[in-house]
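Biologist: Could you take me through one part of this model in detail? I'd like to see how the piece fits in with whatever surrounds it.

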Amino acid sequence: MSTRTLLLLGVCLPCVKRNTSKIRLRRMELDTNLNMYFKKDEFLFAHDPEKMCKTGDVVLIRELAQRLTRLTTHKVEKVVYSLGDITDPITGKKVVVGKYRDDIEEANCLFGKSTKGFDYSKSLPRGRLVDTKDFTHGETYIKYHEDGTEQPFAI
């Protein structure tokens with residue numbers, strides 16, 4: 001017996017459709033023969049007229065009462081985590097790999113800071129490399145042929 005889920009958590013992917021974001025939902029499906037769970041991806045299109053989410057963001061989406069189009073069945077509620085800025089949901093602290101940034105700073109004060117270490121307090125937030133190395137803001141389109149020119153927004 002399945003129940004309808006009104007709120008879903010997914011990752012934003014590049015999408016060609018206008019005012020729409022493509023969201024990947026990852027679910028675990030039980031294989032009864034092996035008695036193991038395996039990843040199963042489901043893709044939904046969510047209405048996003050404000051362009052709130054960029055590629056790679058973890059977003060919360062809500063099911064619409066009535067479909068906007070044949071494929072657009074959900075709407076983007078909010079960006080939970082932006083790409084590259086991982087926050088622990090329980091404590092609200094920033095995380096690097098498996099450690100809190102506060103703990104890393106404290107260890108640097110106790111044992112001395114490495115000259116090659118990265119300083120998170122001086123780093124700028126996401127968006128500083130727009131048009132140089134970050135092309136997630138651009139309008140995507142489908143590349144139909146290879147003509148040798150650089151096409152950074154093509155899928």
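Modeller: Sure, let's start at one pair: His47 stands opposite Lys75 in strand 5. Keep in mind that this is a predicted model. The pair belongs to the pairing of strand 3 and strand 5, which is parallel and spans three bridges. Lys75 has another partner too, since the bridge partner of Arg62 in strand 5 is Lys75.

That takes us over to strand 4. Strand 4 covers residues 58-63 and strand 5 covers residues 72-81; the two run antiparallel, with six bridges joining them. Another of their pairs puts Leu60 with Lys78 of strand 5.

Now zoom out for a second. The whole arrangement is a closed barrel of five strands in the order 1-2-3-5-4, and the pairing is mixed. From one strand to the next, the twist averages 50°. As a reminder, strands of a sheet pair through backbone hydrogen bonds, in either the parallel or the antiparallel sense.

Back to strand 5, where Thr72 sits. Is Thr72 buried or exposed? Its relative accessible area is 5%, and because the cut-off for buried is under 20%, Thr72 counts as buried. Look at who is around: leaving out residues up to four places away in sequence, Thr72 touches Thr20, Phe45, Ala46, His47, Leu64 and Arg67. So there's our His47 again, among the contacts of Thr72. On top of that, the side chains of Thr72 and Thr69 share a polar contact of 2.9 Å.

Next, follow strand 4 to its other side. Strand 1 and strand 4 pair antiparallel over five bridges. Leu7 has Arg62 as its bridge partner in strand 4, and Val11 has Val58. Arg62 is therefore a handy landmark, with Leu7 as a partner and Lys75 of strand 5 as another. The side chains of strand 4 alternate: Val59, Ile61 and Glu63 point to one face and are buried, whereas Val58, Leu60 and Arg62 point to the other and are not. That fits the usual pattern, as side chains in a regular strand alternate between the two faces of the sheet.

Two of those buried residues, Val59 and Ile61, lead into the largest nonpolar core. This core has 10 residues: Leu8, Cys12, Ile23, Leu25, Leu44, Ala46, Cys53, Val59, Ile61 and Val76. Strand 1 (7-13), strand 2 (20-31), strand 3 (36-47) and strand 4 each give at least two residues to this core. In soluble globular proteins, nonpolar side chains tend to be buried together. Ile23 is a good place to stand and look around: beyond four places in sequence, Ile23 contacts Gly10, Val11, Cys12, Glu42, Phe43, Leu44, Ala46, Val59 and Ile61. Ala46 also turned up among the contacts of Thr72.

What about the rest of the way round? Strand 1 and strand 2 pair antiparallel over three bridges, with Leu13 and Lys22 as one of the bridged pairs. Their hairpin has six residues between the strands, and Asn19 there takes a positive phi near 55°. Strand 2 then runs antiparallel to strand 3, joined by 12 bridges, and Leu30 stands opposite Tyr37 in strand 3. Here the hairpin has four residues between the strands, and Asn35 in the turn has a positive phi of about 55°. Strand 3 in turn pairs with strand 5, which brings us back to His47 opposite Lys75.

Technical notes:
Residues are numbered from 1 along each chain as its sequence is written. This is a predicted model: local features need pLDDT of at least 70, side-chain atom pairs count only at pLDDT 80 or more; totals for chains, interfaces and linings use all residues. Side-chain values use heavy atoms; hydrogens and water are left out. Two strands pair if DSSP finds at least two bridges between them. Axes are lines fitted to C-alpha atoms, for helices over the stretch in contact, and angles run from 0 to 180 degrees between N-to-C directions. Buried means under 20% relative accessible area, exposed over 50%, partly exposed in between (1.4 Å probe, protein chains only). A polar contact is a pair of N or O atoms within 3.5 Å; within protein, one must be able to donate a hydrogen and the other to accept it, and residues adjacent in sequence count only if both atoms are side-chain atoms. Contact means heavy atoms within 4.5 Å. A nonpolar core is a set of buried Ala, Val, Leu, Ile, Met, Phe, Trp, Tyr and Cys residues joined through side-chain atoms within 4.5 Å.
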